[in-house]
Amino acid sequence: MPNLTNSSRIEPTRTQSSKRTALVVGASMAGLSAAAQLTDIGYLVTVVERAPQLRLVGTPIDVRGEALAVADKMGILDAIRRNKVSSDERPVFTTFVDASGHAVAELPLEMANDSPDDVEISREALINILHARIGSDTKFVYRDWPVALSQTGQGVEVGFAGGSSANFDIVVGADGIHSSVRKLVHGPEHLYRKHLGVYYAIVDLPSGALGIVNESRTYNCPGSMVGINDYGDRAYGVFAFRAPETEYDYRDMAAQRDLLTRAFRNEAGWHIPFLLDAVRDAPDIYFDSVSQVRMSGWSQGRIVLVGDAAHAASLFSGRGTSLAMLGASILAEELDASNHEPSVAFTRYESRLLPVVRKAQEGVIEARDFMVPESQNKINERNSRFPLKSLRH
Ligand SMILES: Cc1cc2nc3c(=O)[nH]c(=O)nc-3n(C[C@H](O)[C@H](O)[C@H](O)COP(=O)(O)OP(=O)(O)OC[C@H]3O[C@@H](n4cnc5c(N)ncnc54)[C@H](O)[C@@H]3O)c2cc1C
């Protein structure tokens with residue numbers, strides 16, 4: 001039972017209970033999956049999320065491989081399939097265009113997917129499905145985050161930025177690539193996060209923007225890429241540019257907008273000016289370094305990491321969400337199987353998941369070079385390898 005002091009915001013989920021308690025830090029794919037499955041095995045869960053609400057921005061993501069079985073086990077596979085965004089009428093993953101917008105090459109969908117069973121779903125839909133799957137016993141606290149974690153024989157004493165503190169049996173750090181749980185427990189980010197030489201950004205667009213309907217178009221300049229992905233009812237602008245690791249506050253959206261705008265300031269090809277206007281006007285954008293997190297272990301005592309906090313594979317892997325769902329599932333299975341003995345469960349969780357993670361982390365440099373070629377020659381080479389096949393151009 002969380003034992004609370006000075007609590008204005010983090011409160012016990014129940015006043016009287018003999019249930020085990022878990023704090024899940026971060027309410028995205030990993031955190032929501034963990035919260036649902038820890039509740040299933042009898043934990044009283046508190047979720048703390050730094051943002052003021054669930055963050056729904058982002059392009060559709062893939063649920064693939066073993067994550068489909070996890071979704072089935074959680075009873076949400078049908079809902080996920082019903083919300084699938086791509087369809088057979090959209091056989092091309094993306095069409096590459098030149099500066100005037102003429103189609104010059106295309107990547108067929110089957111080359112981007114692992115199997116026809118893969119489901120592409122909007123981040124918003126998946127977050128909402130996972131959130132709805134969580135029982136009403138689970139307490140959500142927004143605009144707060146842990147600033148101190150100290151382990152006692154009985155649990156983890158957590159101090160929160162909002163001034164409260166509470167004790168939990170276990171703490172699950174699901175707070176993404178810049179995880180503060182990882183920082184508090186394992187040390188500074190630079191020890192584990194490897195920048196892959198590219199920054200990436202997403203902005204919401206009005207659907208059907210510029211007459212691009214139910215398709216994806218991508219334009220490359222040497223070392224950068226912009227795209228418009230329209231899914232009929234939602235559309236997104238995407239940006240990627242090569243740059244060495246840059247110091248900025250990754251929670252400061254104005255700084256992110258500024259970095260992005262500066263990276264494209266000398267480019268006016270295709271619809272870059274339109275996309276930059278969208279970045280300026282959007283209430284929320286997603287901007288981050290394309291990075292991987294590599295650690296040899298993800299736990300210490302009663303504190304464990306899941307999802308990108310533990311093992312980001314980078315968006316070029318297309319597997320971040322699936323790994324987060326799978327990891328949360330293995331974690332819950334092992335806690336249950338070990339009679340809730342964290343040291344046993346967390347070691348088993350690590351040894352089962354690590355080989356899957358390492359496999360997902362391979363091959364991303366190739367995907368990066370394919371999507372963001374570094375020179376005009378490399379762009380031309382890529383385009384000639386993937387000539388237009390569809391009749392619709
Ligand atoms: C807003 C957003 C948009 C994204 N868009 C894309 C995309 O378009 N394409 C793509 O491939 N991947 C995207 N991702 C990343 C993708 O969601 C993850 O790679 C993957 O799903 C694994 O999820 P995760 O839950 O481990 O991490 P994340 O999805 O990164 O979630 C981490 C969560 O923790 C919260 N958080 C961070 N720090 C703290 C803290 N100190 N205390 C409490 N909460 C904290 C964050 O606000 C976030 O909700 C996006 C992530 C976010 C947060």
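Are Y199 and F287 buried or exposed? Y199 is buried, and F287 is buried too. Buried stands for a relative accessible area under 20%, exposed for over 50%, and partly exposed for the range in between (1.4 Å probe, protein chains only).

This is a predicted model, in which local features need pLDDT of at least 70, side-chain atom pairs count only at pLDDT 80 or more, and totals for chains, interfaces and linings use all residues. Residues are numbered from 1 along each chain as its sequence is written, and side-chain values use heavy atoms, with hydrogens and water left out.

**Exercise 1. Describe the shell around the ligand.**

Step 1. Count the residues. The ligand is surrounded by 27 residues. A residue is near a molecule or strand if one of its heavy atoms lies within 4 Å of it. The closest are S28, E49, T59, S180 and D308.

Step 2. Sort them by class. The shell holds 11 nonpolar, 9 polar and 7 charged residues. Nonpolar covers Ala, Val, Leu, Ile, Met, Phe, Trp, Tyr, Cys and Pro; charged covers Asp, Glu, Lys and Arg; the others, Gly among them, are polar.

Step 3. Assign domains. Domain 1 (20–58 + 124–191 + 294–361) and domain 2 (86–117 + 197–290 + 368–385) each give at least three residues to the shell around the ligand. The bounds come from an automatic or database domain assignment.

**Exercise 2. Find polar contacts to the ligand, then its cover.**

Step 1. Apply the cut-off. A polar contact is a pair of N or O atoms within 3.5 Å; within protein, one must be able to donate a hydrogen and the other to accept it, and residues adjacent in sequence count only if both atoms are side-chain atoms.

Step 2. Check the backbone. A backbone N or O atom of M29 is 3.2 Å from an oxygen atom of the ligand. For A30, a backbone N or O atom is 2.9 Å from an oxygen atom of the ligand.

Step 3. Check a side chain. T321 has a polar side-chain atom 2.8 Å from an oxygen atom of the ligand.

Step 4. Read the cover. On its own the ligand has 910 Å² of accessible area, and the protein covers 91% of this. Areas come from the Shrake-Rupley method with a 1.4 Å probe; for residues, only the protein chains shown count as cover.

Step 5. Name the elements. Those that give two or more residues to the shell around the ligand are α1 (29–40), β2 (43–49) and α10 (320–337). Helices (H or I, at least four residues) and strands (E, at least two) are DSSP runs, numbered from the N terminus.

**Exercise 3. Trace the aromatic pairs around Y199.**

Step 1. Set the rule. Rings of Phe, Tyr and Trp (its six-membered ring) pair if their centres lie within 6.5 Å; planes under 30 degrees apart count as stacked, over 60 as edge-to-face and the rest as tilted. The whole structure has 13 aromatic pairs.

Step 2. Take Y199 and F241. Their ring centres are 5.7 Å apart and their planes are at 25°, so the pair is stacked. Y199 is in strand β12 (residues 193–205) and F241 in strand β15 (residues 235–242), so this pair links distant parts of the chain, 42 residues apart.

Step 3. Check burial. Y199 has a relative accessible area of 1%, so Y199 is buried. F241 is buried as well, at 9%.

Step 4. Take Y199 and F287. The ring centres are 5.6 Å apart and the planes at 15°, so this pair is stacked. F287 is in strand β16 (residues 286–293), 88 residues from Y199.

Step 5. Widen the view. Ring pairs join Y199, F239, F241, Y248, F264 and F287 into a cluster.

**Exercise 4. Examine two residues with positive phi.**

Step 1. Recall the background. Most residues other than glycine have a negative phi.

Step 2. Place N214. Its loop runs between β12 and β13 (216–221). Phi of N214 is near 55°, a positive value. With 32% relative accessibility, N214 is partly exposed.

Step 3. Place H340. Its loop runs between α10 and α11 (342–361). Phi of H340 is near 65°, also positive. With 13% relative accessibility, H340 is buried.

**Exercise 5. Classify V141 and R143.**

Step 1. Locate V141. V141 is in strand β7 (residues 139–142). Its relative accessible area is 5%, so V141 is buried.

Step 2. Locate R143. R143 is in the loop between β7 and β8 (146–151). At 52% relative accessibility, R143 is exposed.
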